[in-house]
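Me: I would like to go through this fold step by step. Please keep the answers short.

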Amino acid sequence: MQLTITNLDRKTTDGNVVEVYWLATQTVDGITSTINDTDRFNADSSAASFTAYADLTEAIVKGWITTKHPSIQESLTGLHNSQVNLLSQGMPWETYVEVP
């Protein structure tokens with residue numbers, strides 16, 4: 001699975017990130033499954049655990065997403081399985097071949 005942070009919205013008054021845009025992708029057997037989502041956050045900029053915007057790293061923000069959505073991998077696997085089950089190959093005038 002690849003998790004990509006595609007954008008952030010933040011308050012200019014205190015640097016508080018209020019929205020994270022992200023994309024999760026996984027390719028298995030040539031089939032790519034994608035989740036494109038957005039999450040809202042409302043951190044307290046006065047809290048000791050607050051990380052200032054300038055100090056954020058991609059790893060920190062990815063951690064927010066994986067903490068909020070611990071089953072991203074399972075969701076991508078489910079999407080993959082639903083796509084595989086919908087595909088088959090063949091022509092009606094020839095032997096039917098099912099894609100495993």
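The questions below cover the sheet, its turns, the helices and the largest pocket.

Me: Before the details, is this model predicted or experimental, and in what order do the three strands of the sheet stand?
Reply: The model is predicted. Its three strands form an open sheet with antiparallel pairing. The order is β1-β2-β3.

Me: Which strands stand at the edges, and why is one side of each left without a neighbour?
Reply: An edge strand here has a single partner strand, so one side of it has no neighbour in the sheet. That applies to residues 2-10 and to residues 31-40. The edge strands are β1 and β3.

Me: By what angle are neighbouring strands of this sheet turned against each other on average?
Reply: The direction of the strands is ignored for this value. The average is 15°.

Me: Over how many bridges does β2 pair with β1, and over how many with β3?
Reply: Strand β2 covers residues 17-28. It pairs with β1 in the antiparallel sense, over eight bridges. With β3 the sense is again antiparallel. The count for β2 and β3 is ten bridges.

Me: Which residue of β3 is the bridge partner of T25?
Reply: Start from the β1 side, where Q2 stands opposite T25 in β2. L3 has A24 in β2 as its bridge partner. Across in β3, the partner of T25 is T34.

Me: Which residue takes a positive phi in the hairpin of β2 and β3?
Reply: Take the other hairpin first: β1 and β2 have six residues between them, and G15 in that turn has a positive phi of about 75°. The hairpin of β2 and β3 has two residues between the strands. There, a positive phi near 55° belongs to D29.

Me: Which helix lies across β2 and β3, running at about 140° to β3?
Reply: Helix α1, residues 58-68, lies across β1, β2 and β3. Its angle to β1 is about 100°. The helix at about 140° to β3 spans residues 72-84. That is α2.

Me: How many nonpolar residues are in the lining of the largest pocket?
Reply: The largest pocket has a volume of about 200 Å³. It is lined by 14 residues, and A43, S49, F50, T51 and W64 lie nearest its centre. The lining includes four polar residues and one charged residue. The nonpolar count is nine.

Key: Residues numbered from 1 in each chain as written. Predicted model: local features only at pLDDT ≥ 70, side-chain atom pairs only at ≥ 80, totals over all residues. Heavy atoms only, no water. Pairing = 2+ DSSP bridges. Helix = DSSP H or I, 4+ residues; strand = E, 2+ residues; numbered from the N terminus. Axes fitted to C-alpha atoms, helices over the stretch in contact; angles between N-to-C directions. Contact = heavy atoms within 4.5 Å. 1 Å grid on protein atoms, 1.4 Å probe; cavity = no way out; pocket = protein on both sides within 12 Å on 5 of 7 lines; lining within 4 Å. Points joined across faces, edges and corners; volume = space filled by probe spheres on them. Nonpolar A, V, L, I, M, F, W, Y, C, P; charged D, E, K, R; others polar.
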